Each structure stands twice: as C-alpha cells, then as structure tokens.
Amino acid sequence: MKKECVAMLLAGGQGSRLYVLTGDMAKPAVPFGGKFRIIDFPLSNCTNSGIDTVGVLTQYRPLELNSYIGNGQPWELDRVDGGVHILPPYQSATGASWYKGTANAIYQNIGFVDLYEPEYVAVLSGDHIYKMDYSDMLRCHKESGAACTISVMEVPWSEAKRFGIMSVDGADHVTEFAEKPKEPKSNLASMGIYIFTWDKLRQYLIEDEADSASENDFGKNIIPAMLRRGEVMTAYRFEGYWKDVGTLDSLWDANMDMLLPGSGLNLLDKSWPIYGRSTVCPPTMIGPAADVGNSAIAKGCIIDGEVKNSVVSIGTVVGEGASVTYSVIMPGAVIEPGAQVHYAIVGENCRISSGASVGAPPESASDPDRWGIAVLGPGTVVASGQQVAAKTMLDRHQNGEVRA
Amino acid sequence: MNGMHGIIFSYEKKTGLRELIEHRVHGSIPFGGDYRVVDFMLSNMVNAGITDVGVIMHGKCQSMLDHLGSGKSWDLSRRKGGLKLLPAFAYTEHREGAGQFRGKMEALGCVKDYLSHIRQDYVVLCDSDLVINLPLDDVLSEHLRTGADITAVCTSHLGDSSDTYFKLDDAGRIVDTVRDVHTPVGYRCLNIYVMSTELLLRLVEDCMAHNEYSFRGAVLQKRGATLRIGGYVWDGYAARINTIQTYFQRSMELLRPEMRGELFCPSRPIIGKVNDAPSSYIDPTGECVNSLIADGCDIQGTVKNCILFRGVQVEKGAEVQNCILFKGTTVKSGAILRNVITDKYVTIKENGTLMGHESYPLVIARNSEV
C-alpha cells in the first residue's frame with residue numbers, strides 16, 4: 001500500500017570505535033540509559049512522528065539486533081501494512097554483495113522502498129541519541145520544495161572541524177558542504193539525518209552505483225553530487241539534545257547527560273516517550289545499607305552498596321560495601337560486596353568480584369593523558385584482587401588493552 | 001493428557017479493602033510495586049505451560065479489562081485459545097438480568113458453553129485475589145500421581161475464622177471441610193482446585209439441576225464423601241488480600257529478601273503488564289533506603305521502608321516512611337507521610353502531614369488532592 005514517507009535506518013555499521021562493547025553485536029543494539037538500546041531512539045522517533053514503515057539495514061553481527069527488534073511490537077511497528085523490516089544484504093540473480101556503503105545499502109533495497117510507493121524517504125542513523133519529530137522536518141521539506149532536507153544543528157565554532165559542515169544562504173538552502181573542514185565556513189553540522197524526495201534519491205542512487213570510483217556514501221558522494229547538480233537542498237535546524245554515540249567516551253557522556261538536569265536529555269519527559277522491549281523482572285530493591293544519589297536505576301536491581309552519579313541497568317546487583325561512581329552499568333552485571341567501580345562502562349552480565357576494582361577517578365591519575373574511562377566487554381569476569389586500570393579495556397577472554 | 005486449562009474468578013467481594021476497591025475488583029488491586037494481584041495467578045498458569053485461560057468477571061471490571069487487554073503481556077494473545085474474558089452479560093440471561101452469581105458453580109453454569117469448548121483434559125480453578133508463586137505443573141503432577149478426583153491447594157498457615165479449613169487424613173485426602181469455626185484448625189483452603197474437565201462439566205450440570213451454587217457447599221462438603229478430594233499443601237508465600245491491614249502487612253513483607261526470594265523466584269517469573277516507563281531517578285538531594293521501587297520514579301526527597309509504584313514523584317524536602325504509593329502519586333515538597341497508602345494519581349500538597357498507624361494505615365482514594 002502507498003505510504004507518504006518510509007524510514008530507512010542504517011544499522012549495519014560495525015561500531016569498531018566501541019571496541020569490546022560491539023565484539024558480538026551491532027552498535028545500535030548496545031544498551032543505553034538503563035532500560036533501552038541505542039536503536040530505541042530512532043525507532044521511537046519514527047513511531048512518535050507517525051512513520052509506520054521502517055526498514056532496518058543490518059549487516060554486522062545482526063543476531064542480537066534482530067531478536068531485539070523482533071516483530072516491532074514495543075514500538076507499535078507490528079502493523080498489518082508496513083511496520084518494521086530487517087533488511088540484510090541478499091542474493092539476486094546477478095550476484096550478491098555486502099553493503100558497500102550507506103548509499104549502496106539503500107540502493108540494494110530500492111525494491112523494498114518501491115513496494116510502498118512513497119513520496120519521501122527518511123534516511124536515519126542507528127547510533128544517535130536524540131528525540132526528534134520527523135513529521136516537522138517532513139513539513140519543512142515539503143514547504144521548501146527541496147530534493148533533500150538535511151537536519152543540522154549549531155555546534156561551537158571550535159568543534160566545527162570535527163563535523164560535516166553545511167553553509168547556507170538566507171533561506172537556509174545549502175550552498176556548500178564540507179566534510180570535517182580545516183577552516184569551517186559555518187557552524188551548522190550535519191546530523192546524518194536526511195529526508196529525500198524518493199524520485200530524486202532513487203535516480204541519484206542508480207547513478208552513484210554506476211560510478212565505480214564512488215564510495216557509495218551519503219555524506220561523501222550522494223549529497224555532494226546533488227549539490228553539484230543544483231538540486232534544492234534545505235537545512236532543517238534542530239534544537240535539542242543530539243549525540244552520536246559512536247565512541248566509548250561519547251557513549252559514557254550521553255549516559256551521564258541523562259543524569260544532568262538541563263542537558264536536554266530527559267527520559268522522564270512523557271511528551272515524547274522512548275519505547276523499548278521490556279524484560280520481565282520485579283521492581284528494584286534498594287536495601288537498608290544502600291547509598292544512592294544522582295543515579296538512574298532500572299527495574300530488577302538489588303542495590304545494597306553505594307551508587308553515585310551512575311546509570312544502572314536492568315537486573316544489576318550491587319553488593320554491600322561495593323562502590324559504583326560515575327559509571328554505566330549494563331544489564332545483568334553483578335558487582336560483588338566490596339568491589340570498586342569508578343569511571344567505567346561495565347558490559348552486560350559482567351561480574352566484578354569482591355576485592356576487585358575497575359577504573360579510577362581522574363584526580364588519582366598522575367598523568368592526565370593516561371586517564372580515561374575503563375571498559376569491560378559483555379560477560380567479563382574480573383577476579384578478586386584484579387585491578388582494571390583507568391583507560392583500559394578488557395573482554396571476556398581477558399584480552400586487555402589500553403585505549404589509544 | 002493434553003495439559004491444563006485455567007479459570008480465574010474475578011468478582012466483587014465484601015471485604016475490608018475500603019477505598020482500594022471503590023473502583024476495582026480485588027484482582028486488579030496494585031501489589032508489589034509493579035503488579036496487579038491477578039498477575040500472580042496468571043503468571044503461575046503461564047509458567048506451568050497453560051495457554052488457555054478464562055477470566056470470569058462481574059462487577060467493577062473496567063480496571064481489570066484495561067489491565068488484561070488482549071493478554072499480550074502474558075503471551076496469551078493467541079490465534080487459538082489464549083485469554084478469554086467472560087464478563088457479566090454471559091449469565092444475565094440465565095438469572096433473569098440479575099447479573100450476579102451466588103457462587104462459583106452458578107458462575108460456571110452460566111458459562112457452560114465456554115466450558116464445553118475447553119480443549120484440555122484438566123482444569124485449574126482459582127480466585128484472583130491471591131498473591132502466590134505456585135508451581136501449578138507440580139500440583140497437576142501430584143493430582144495425577146494420587147489419582148484424586150479433585151486436588152485442592154491448602155496451607156498450614158492459619159488465617160481467620162471466615163476462611164475455609166480442611167481436615168486431611170494421613171494419605172493426604174481431605175476428610176472434612178469447615179468454615180466459620182471458632183478456632184481455626186487443620187489446613188487453610190487457598191481456593192485453587194485441579195480436576196479433570198470431564199468431572200467439572202459433570203459437577204456443573206449436576207449442581208445446576210439441583211439449584212446448588214457454591215463450590216464449597218455443593219462440591220467439597222456435600223459431595224466430599226463420594227469424591228476423592230486430595231490436599232496439596234503449599235507453605236510458601238501466599239497472601240489473600242482481603243483487608244487493608246493484610247494488604248499493608250503482606251506488602252511490607254516484600255522488603256525482606258527471603259520473602260522476595262519466594263515470591264519473585266527467577267525460575268517462575270511473575271509477569272506484569274508491559275510498560276514503557278524509563279529508569280527511576282534518584283536525585284543528589286534524595287535519599288532512598290530499604291524500599292522497593294518500580295520504573296519511572298523521580299525521588300528528590302527521603303524515602304524509607306516504602307513500596308513505590310511506577311512514576312511516583314517525591315519532591316525535595318518531602319519525607320515518606322512506611323508507605324505504599326501507587327502509580328502516579330506526587331508528594332510535594334515538605335510533605336511528611338507515615339504509614340499511608342495512596343491510590344493512583346494522588347497528590348499530597350506542600351508541607352502536608354499524613355500519619356496512619358502500622359496497624360491501621362491511612363488510605364487516600366484515587367485522584368485525591370490532600
């Protein structure tokens with residue numbers, strides 16, 4: 001059946017900069033904020049924006065993500081017509097190939113999009129934390145008559161060189177695009193969220209595929225090609241919280257932002273709910289000896305120790321006398337009595353034994369360059385007496401390394 | 001033998017639950033921070049592999065209907081079988097529009113058409129006001145092993161005289177059923193019965209033909225001598241919610257780890273309705289100790305020895321002790337609460353003080369502003 005707008009969610013990236021956390025799963029499946037996974041944000045944004053047809057492009061270690069998305073019921077994307085579809089690369093009569101780039105991933109699924117005969121296609125990333133009304137962006141796209149609308153936000157000038165920067169004219173039409181410019185001409189950064197008029201995008205994807213020199217990437221190829229050919233491209237200014245959680249530091253930051261009033265990331269805000277698949281577990285018990293402050297605690301936990309400035313996910317156990325500060329604890333972790341966890345990301349189902357310690361506060365480091373958050377991959381067991389130093393990563397096979 | 005069918009009786013009862021049943025039946029009273037009372041028996045059924053459940057309801061069933069919905073949360077939204085809601089209109093015709101039944105057998109007689117379509121060979125009957133984590137598959141195994149006609153679940157923990165009591169012989173057979181005795185003795189009936197579907201249909205027909213309506217009177221007592229009725233003794237956590245005092249006391253017991261261990265044992269999880277609330281947040285100025293908290297709470301004040309349901313807000317400077325706060329309760333800054341139960345969406349205004357007593361907790365009705 002015909003849909004006005006279909007969303008294509010890019011979820012195939014390896015997420016190599018999340019290192020041990022994405023050893024066995026795609027980046028969008030990484031837990032976030034105690035009860036959610038990263039992909040809940042774009043999926044919930046789709047639901048809240050009235051988009052009921054979503055293709056999720058997967059490639060790298062998709063099992064966890066596939067089973068998490070399932071039939072899409074938690075996001076009300078289990079629809080009679082439309083709904084959520086997992087789109088892995090597939091074999092056709094002429095052969096098969098992996099998704100070579102973001103544009104190629106959509107190119108290989110032109111047939112999927114065509115099923116719904118949409119006028120517009122939203123291309124979204126599976127690794128951003130933000131709440132955004134795509135229907136408002138679509139309205140802007142339609143009003144400006146653009147072939148492509150790119151969501152942008154103002155960033156501090158000093159940081160502009162880390163982003164894809166858009167220069168715009170008085171009507172917010174994009175005049176120039178520069179990927180990580182040394183001398184930025186604007187401070188409007190692309191958020192990697194696009195709405196295209198499908199007829200146009202379809203044509204550019206086919207042309208891009210025919211160009212063997214192309215990297216088949218939206219930012220590097222499609223957007224510059226459209227700009228060169230003088231298509232109307234509009235910048236949609238977004239104000240609000242947005243973070244690309246592609247690195248361990250940004251993932252930790254975004255979790256901490258959740259605890260910070262005024263950061264803009266308020267998950268208790270009921271006007272734009274984030275949905276996620278729930279786990280069956282009883283409410284959280286905060287024991288008589290517990291000391292909890294400035295922390296988000298999900299259900300199913302048993303907290304008997306100290307938890308300060310931390311995000312504690314579903315089914316976590318913190319034993320008596322244990323201390324957890326400035327950390328992100330992912331679901332099912334056990335922090336035994338007396339264990340110490342400071343400035344760390346602890347992966348799912350880790351066990352930190354009594355007498356072990358993970359991470360250290362920045363003030364304890366003699367050399368600031370050698371300080372950073374410590375990270376445990378899912379299922380890591382830290383034995384009694386073992387110390388995982390700041391800025392160190394450890395996986396469940398005890399392969400450790402100090403992050404660059 | 002092709003499994004068991006579940007039947008839950010959800011009806012109004014005259015009990016001492018005051019404000020808590022103003023808008024709802026016993027089964028839909030919130031319990032344990034994240035559940036309704038009916039979730040416990042429903043989960044017991046699901047955990048025992050039961051796929052078809054009928055809920056017989058009358059009275060203030062709106063909140064129960066909202067809660068159960070299609071049964072999706074319990075994986076009971078099935079193409080065949082699954083959750084079937086059997087509301088009052090199913091038997092108004094039979095009782096000439098009265099819409100009430102006098103006892104379980106009469107209620108069953110009114111849904112006889114439904115009973116005749118049960119696909120399973122065995123049925124379990126139970127009430128919706130019992131908080132228990134019972135291995136029903138084990139009850140069925142025991143039923144099959146002993147060859148009893150009916151197996152009734154009972155406990156050696158005695159209650160009050162209004163309960164039903166069994167006298168068991170050495171072989172575990174129930175030899176006498178009594179009620180309203182001055183001094184309770186024997187085993188207290190938990191109103192959970194397992195029998196074959198075929199026997200149930202036969203009993204329902206026989207009782208209807210004789211204008212008999214009570215399961216206890218007509219079946220356990222009158223036919224007790226001709227039927228072989230066995231007792232299955234369960235001495236784990238089992239709370240019948242029938243007064244404010246028992247509600248408060250049995251809820252507060254969940255703050256003890258051993259009680260939680262029994263009721264929320266991981267091998268038989270209790271399943272509640274799926275919700276979308278985010279994690280609870282505890283502010284730097286907040287203090288929360290010895291409390292059970294659901295998702296979506298915002299704690300900026302002091303919370304001690306409490307059970308907080310979803311989305312409770314405790315503002316800065318508020319002090320809440322020994323309280324049970326239902327979903328959406330807001331305690332404004334400076335308010336002080338002790339031994340209080342607040343129903344859904346209650347607001348306690350700034351600097352208010354509300355004190356109940358442990359033996360007589362104060363109950364604030366739904367949507368009140370105090």
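Which residues have the most contacts inside the largest nonpolar core? The close-ups below start there, in a predicted model.

**View 1. The largest nonpolar core, with 72 residues.** Val54(A), Leu251(A) and Ile345(A) are the residues to look for here, as they have the most contacts inside this core. Helix 8 of chain A, spanning residues 248-257, gives the most to the core, contributing five residues.

**View 2. Ile345(A) and its contacts.** Setting aside residues up to four places away in sequence, Ile345(A) touches Leu248(A), Leu251(A) and Trp252(A), along with Leu21(A), Val328(A) and Met330(A). Its contacts also include the run Ile373(A), Ala374(A), Val375(A) and Leu376(A). Apart from the largest core lies another one of 49 residues, with Ile352(A), Val303(B), Cys306(B) and Leu354(B) among them.

**View 3. An open sheet of 11 strands with mixed pairing.** Follow the strands in the order 29(A)-26(A)-23(A)-20(A)-17(A)-14(A)-16(B)-19(B)-22(B)-25(B)-28(B). Strand 29 of chain A (381-382) and strand 28 of chain B (362-364) stand at the edges; each has a single partner strand, so one side of each is left without a neighbour in the sheet.

**View 4. Strands 26 and 29 of chain A, paired in the parallel sense.** Two bridges join strand 29 to strand 26, which covers residues 351-352. Look for Ile352(A), which stands opposite Val382(A) in strand 29.

**View 5. Asp257(A) in helix 8 of chain A.** Is this residue, Asp257(A), buried or exposed? Asp257(A) has a relative accessible area of 16%, so it counts as buried, the cut-off being under 20%. Asp257(A) touches Tyr241(A), Lys243(A), Ser263(A) and Leu265(A), not counting residues up to four places away in sequence.

Methods: Residues are numbered from 1 along each chain as its sequence is written. Chains are lettered from A and ligands numbered from 1 in the order in which they are written. This is a predicted model: local features need pLDDT of at least 70, side-chain atom pairs count only at pLDDT 80 or more; totals for chains, interfaces and linings use all residues. Side-chain values use heavy atoms; hydrogens and water are left out. A nonpolar core is a set of buried Ala, Val, Leu, Ile, Met, Phe, Trp, Tyr and Cys residues joined through side-chain atoms within 4.5 Å. Buried means under 20% relative accessible area, exposed over 50%, partly exposed in between (1.4 Å probe, protein chains only). Helices (H or I, at least four residues) and strands (E, at least two) are DSSP runs, numbered from the N terminus. Contact means heavy atoms within 4.5 Å. Two strands pair if DSSP finds at least two bridges between them.
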